[in-house]
Amino acid sequence: TAYGTTADKAVDGKYSNWTEQWCSGGNAVEKWLKVDLGTNYCINRYVVRHAEPYEPGRGVSKDFRLQKSVDGVTWTDVDMV
């Protein structure tokens, strides 16, 4: 984690300040977050809120992909930005 944020904050629905978000940290090209929903769901909408450019030390994601997996090993792209 970076800036004291943790991965659980990636899915809590809050975004009132920078301490309530997940940050992969650093400027590495590939970072990922895996979320186990516990069962199969039909998801028809997801929201990605990126860090604002004015937040010190934060980068804004330009490219990302949403993937799904039934077994946590084989992944299929659902959406690519």
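1. Let's start on the outside of this predicted model. A nonpolar patch of about 820 Å² lies on the surface, and the residues that make it are Val11, Leu33, Val35, Leu37, Tyr41, Ile43, Tyr46, Val48 and Val81. It is worth picking these out in the viewer before reading on.

2. Take one member of the patch, isoleucine 43. Where along the chain is isoleucine 43 found? Its place is in the segment that comes before strand S1, which covers residues 65-68. Isoleucine 43 has a relative accessible area of 54%, so it counts as exposed, the cut-off for that word being over 50%.

3. Valine 11 is another residue of the patch, and this valine also lies in the segment before S1. With a relative accessible area of 56%, valine 11 is exposed. Try a distance here: the C-alpha atom of valine 11 is 9.8 Å from that of valine 47, and the two residues are 36 apart along the chain.

4. Now compare a neighbour in space. Is glutamine 21 buried or exposed? Its relative accessibility is 6%, so glutamine 21 counts as buried; the word applies under 20%. Glutamine 21 sits in the segment before S1. Between the C-alpha atoms of glutamine 21 and valine 11 there are 8.6 Å, while along the chain the two are 10 residues apart.

5. Lysine 31 is a case in the middle. This lysine, placed in the segment before S1, has a relative accessible area of 43% and is therefore partly exposed. Measuring from C-alpha to C-alpha, you will find lysine 31 and phenylalanine 64 9.4 Å apart, although 33 residues separate them in sequence.

6. Next come the charged side chains. How many salt bridges are counted? The count is one salt bridge, and it is formed by aspartate 77 and arginine 65, whose closest N and O atoms are 2.9 Å apart. The pair joins distant parts of the chain, since aspartate 77 belongs to strand S2 (residues 76-80) and arginine 65 to strand S1, with their positions 12 residues apart. Aspartate 77 is partly exposed, its relative accessible area being 34%.

7. Stepping back, here is the protein as a whole. It has two strands and zero helices. Of its 81 residues, 10% are buried, and glutamine 21 is one of the buried residues. The accessible surface comes to about 7,000 Å², and carbon and sulfur atoms account for 51% of that area.

8. A last point is about contacts. Looking at those between residues at least 6 apart in sequence, 26% link residues that are at least 24 apart. If you would like a place to begin exploring, go back to the nonpolar patch with Val11 and Ile43 among its members, then move on to the bridge between aspartate 77 and arginine 65.

Terms used: Residues are numbered from 1 along each chain as its sequence is written. This is a predicted model: local features need pLDDT of at least 70, side-chain atom pairs count only at pLDDT 80 or more; totals for chains, interfaces and linings use all residues. Side-chain values use heavy atoms; hydrogens and water are left out. Patches are made of residues with over 30% relative accessible area and no salt bridge: like charges are joined within 9 Å, nonpolar side chains (Val, Leu, Ile, Met, Phe, Trp, Tyr) within 5 Å. Accessible areas come from the Shrake-Rupley method with a 1.4 Å probe; for residues, only the protein chains shown count as cover. A salt bridge is a side-chain nitrogen of Lys or Arg within 4 Å of a carboxyl oxygen of Asp or Glu. Helices (H or I, at least four residues) and strands (E, at least two) are DSSP runs, numbered from the N terminus. Buried means under 20% relative accessible area, exposed over 50%, partly exposed in between (1.4 Å probe, protein chains only). Contact means heavy atoms within 4.5 Å.
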